[in-house]
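Hi,

Here is the structure I promised to pass on to you. Please open it first, and then read my notes beside it.

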Amino acid sequence: MRTSSRKTRVGKVVSDKMDKTVVVAIEDRVAHPLYKKIVGRTYKLKAHDEQNACGVGDKVKVMETRPLSKDKRWRVVEIIEKAK
């Protein structure tokens, strides 16, 4: 069994309007550099969704991959939880 050195993230799909592409919002909790308070940060990334299976609100796992377009460098590995 091979282990991958590629980064994986879990996030929520915020847009599925593009063909074979979804926008995933990743919520990250980091300490403020000066005040050391835990702050919630959200960043978005575009991920490749080959079957157009993801919908808005789905919780998905994405993995780093080679550049697929100008700003698409991630792909959907699995849908953890479908939106209700």
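**A buried valine to start with**

Val24 has a relative accessibility of 0%, so Val24 counts as buried. Here, buried means under 20% relative accessible area, exposed means over 50%, and partly exposed is in between, with a 1.4 Å probe and protein chains only. Before going on, please note that this is a predicted model, in which local features need pLDDT of at least 70, side-chain atom pairs count only at pLDDT 80 or more, and totals for chains, interfaces and linings use all residues. Residues are numbered from 1 along each chain as its sequence is written, and side-chain values use heavy atoms, with hydrogens and water left out.

Val24 belongs to strand S2. What does Val24 touch, not counting residues up to four places away in sequence? The list is Gly11, Lys12, Val13, Tyr43, Lys44, Leu45, Ala47, Val60 and Val62. A contact means heavy atoms within 4.5 Å. You can also find Gly57, 33 residues along the chain from Val24, with 9.5 Å between the two C-alpha atoms.

**The whole chain**

How many helices and strands does the protein chain have? The count is zero helices and five strands, so reading from the N terminus you meet β-β-β-β-β. Both kinds of element are DSSP runs numbered from the N terminus: helices are H or I with at least four residues, and strands are E with at least two.

The C-alpha atoms fill a box of roughly 45 × 35 × 30 Å along the principal axes. The protein chain has 84 residues, and 26% of them count as buried. About 6400 Å² of the protein chain is exposed, with carbon and sulfur atoms supplying 49% of that area. These areas come from the Shrake-Rupley method with a 1.4 Å probe, and for residues only the protein chains shown count as cover. If you take the contacts between residues at least 6 apart in sequence, 50% of them join residues at least 24 apart.

There are 22 positive and 11 negative charges, and their mean positions are 6 Å apart. Lys and Arg count as positive and Asp and Glu as negative, while His and the chain ends are not counted. Each charge is placed at NZ of Lys, CZ of Arg, CG of Asp or CD of Glu.

**How the strands pair**

Two strands pair if DSSP finds at least two bridges between them. Try following these pairs on your screen:

- S2 and S3 run antiparallel and are joined by eleven bridges; Arg29 stands opposite Gly40 in S3.
- Strand S1 (residues 8-15) is antiparallel to S4, with five bridges between them; the partner of Gly11 in S4 is Val60.
- Strand S4 (residues 59-64) is antiparallel to S5, with six bridges. Lys59 stands opposite Glu81 in S5, and Glu64 has Trp74 as its bridge partner there.
- Strand S3 (residues 38-48) and strand S5 (residues 72-81) are parallel, with three bridges. Ala47 stands opposite Trp74, and His48 stands opposite Arg75.

Trp74 therefore appears twice in this list: opposite Ala47, and as the bridge partner of Glu64.

**Thr21 and its surroundings**

Thr21 is in strand S2 (residues 21-31). Is Thr21 buried or exposed? Its relative accessible area is 8%, so Thr21 is buried. Leaving out residues up to four places away in sequence, Thr21 touches Asp16, Lys46, Ala47, Asp49, Asn52 and Lys72. With Lys72 there is also a polar contact between the two side chains, at 2.9 Å. A polar contact is a pair of N or O atoms within 3.5 Å; within protein, one must be able to donate a hydrogen and the other to accept it, and residues adjacent in sequence count only if both atoms are side-chain atoms.

**Three positive phi values**

Most residues other than glycine have a negative phi. Here are some residues to look at with that in mind.

- Lys20 has a positive phi near 60°. Lys20 sits in the loop between S1 and S2 and is partly exposed, at 32% relative accessibility.
- Asn52 is not a glycine either, and its phi is positive at about 55°. Asn52 lies in the loop between S3 and S4, and its relative accessible area of 40% makes it partly exposed.
- Lys36 has a positive phi near 60° in the hairpin of S2 and S3, which has six residues between the strands.

Enjoy exploring, and write back with any questions!
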